[in-house]
Amino acid sequence: MPMRIIDISSYQALTEATKAYIREADAVIIKVTQGTSYVNPYWKQQLSYAVSNGKLTGLYHYAAGGSATAEANFFVSTIGPFGRNCLLFIDWESGSNRSWGSTTWALRFSNIVYALTNKRAHPYVAASSIGQVANMASNHVLWIAGYPVNANSWTVPHFPYSVSPWKSYALWQFTSNGIDRSTSNLTAAQWVALATNNETSSAATSRT
């Protein structure tokens with residue numbers, strides 16, 4: 001069965017409904033920060049619940065497009081030791097992003113995160129905007145968003161998008177109906193390796 005992944009933010013407080021989504025998932029990715037001042041007030045509770053239920057975990061920063069250095073420092077200082085076993089991501093999309101259209105911002109953000117943590121912040125991006133993060137393909141995995149059906153279901157549709165210059169996606173957010181759902185080409189072992197050792201193996205970047 002394909003890996004079931006949800007991503008959550010402050011829109012999903014740790015209600016019984018959110019807990020149920022977490023329990024049925026294999027992995028949970030949580031929004032922690034945005035810009036240089038916003039922090040999801042529930043992220044530690046959400047992470048703790050996911051970990052206590054044995055889930056793989058990830059944390060992400062939503063780019064506001066200001067100083068990449070300042071935003072990366074804010075993200076890293078906020079997650080602190082809680083990010084030790086989590087995959088890290090940079091959410092690169094147009095909303096509230098002053099640098100939307102830049103082809104260098106996300107990489108600069110990840111480079112600062114890497115300098116501080118020895119872990120990369122892998123890009124999350126819409127299928128139509130992969131070109132803006134293409135310079136990350138050599139040493140980052142890709143989390144792509146595209147909703148060909150957008151059903152409130154775990155049924156994974158046919159994948160219709162180009163992911164060049166990547167060989168394939170590592171994660172695909174295939175619906176936002178009900179809750180954001182993704183699938184993955186990663187095994188649990190590959191997820192852990194990326195989260196703890198920062199390894200981008202061919203197995204992690206190629207479809208299985």
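Contact here means heavy atoms within 4.5 Å. The structure is a predicted model. This briefing covers helix α3 and the aromatic side chains, including 14 aromatic pairs in the structure.

**Helix α3**

- Helix α3 spans residues 68–79, 12 residues in total.
- From first C-alpha to last, α3 reaches 17 Å, close to the 16 Å expected at 1.5 Å a residue.
- Its buried residues are Ala68, Glu71, Ala72, Phe74, Phe75, Val76, Thr78 and Ile79.
- Those buried residues pack against two helices, α2 (43–52) and α4 (105–117), and against the strands β2 (27–34), β3 (38–39), β4 (56–62) and β5 (87–91).
- Gly80, just after α3, has a positive phi of about 50°.

**The Trp105 and Phe109 pair**

- Helix α4 holds both Trp105 and Phe109, which are four residues apart, about one turn of the helix.
- An α-helix has 3.6 residues a turn, so residues three or four places apart point the same way.
- The ring centres of Trp105 and Phe109 are 5.7 Å apart and the ring planes lie at 15°, so the pair counts as stacked; the cut-off for stacking is under 30 degrees.
- Trp105 and Phe109 are both buried.

**Aromatic cluster and charges over rings**

- A cluster is formed by ring pairs that link Trp154, Phe159, Tyr161, Tyr169, Trp172 and Phe174.
- Trp154, one of the cluster residues, has Arg181 over its face, at 5.1 Å from the ring centre.
- Arg120 lies over the face of Tyr114, at 4.1 Å from the ring centre.

Conventions: Residues are numbered from 1 along each chain as its sequence is written. This is a predicted model: local features need pLDDT of at least 70, side-chain atom pairs count only at pLDDT 80 or more; totals for chains, interfaces and linings use all residues. Side-chain values use heavy atoms; hydrogens and water are left out. The expected span of a helix is 1.5 Å times one less than its number of residues. Buried means under 20% relative accessible area, exposed over 50%, partly exposed in between (1.4 Å probe, protein chains only). Rings of Phe, Tyr and Trp (its six-membered ring) pair if their centres lie within 6.5 Å; planes under 30 degrees apart count as stacked, over 60 as edge-to-face and the rest as tilted. A charge sits over a ring if NZ of Lys or CZ of Arg is within 6 Å of the ring centre and within 35 degrees of the ring normal.
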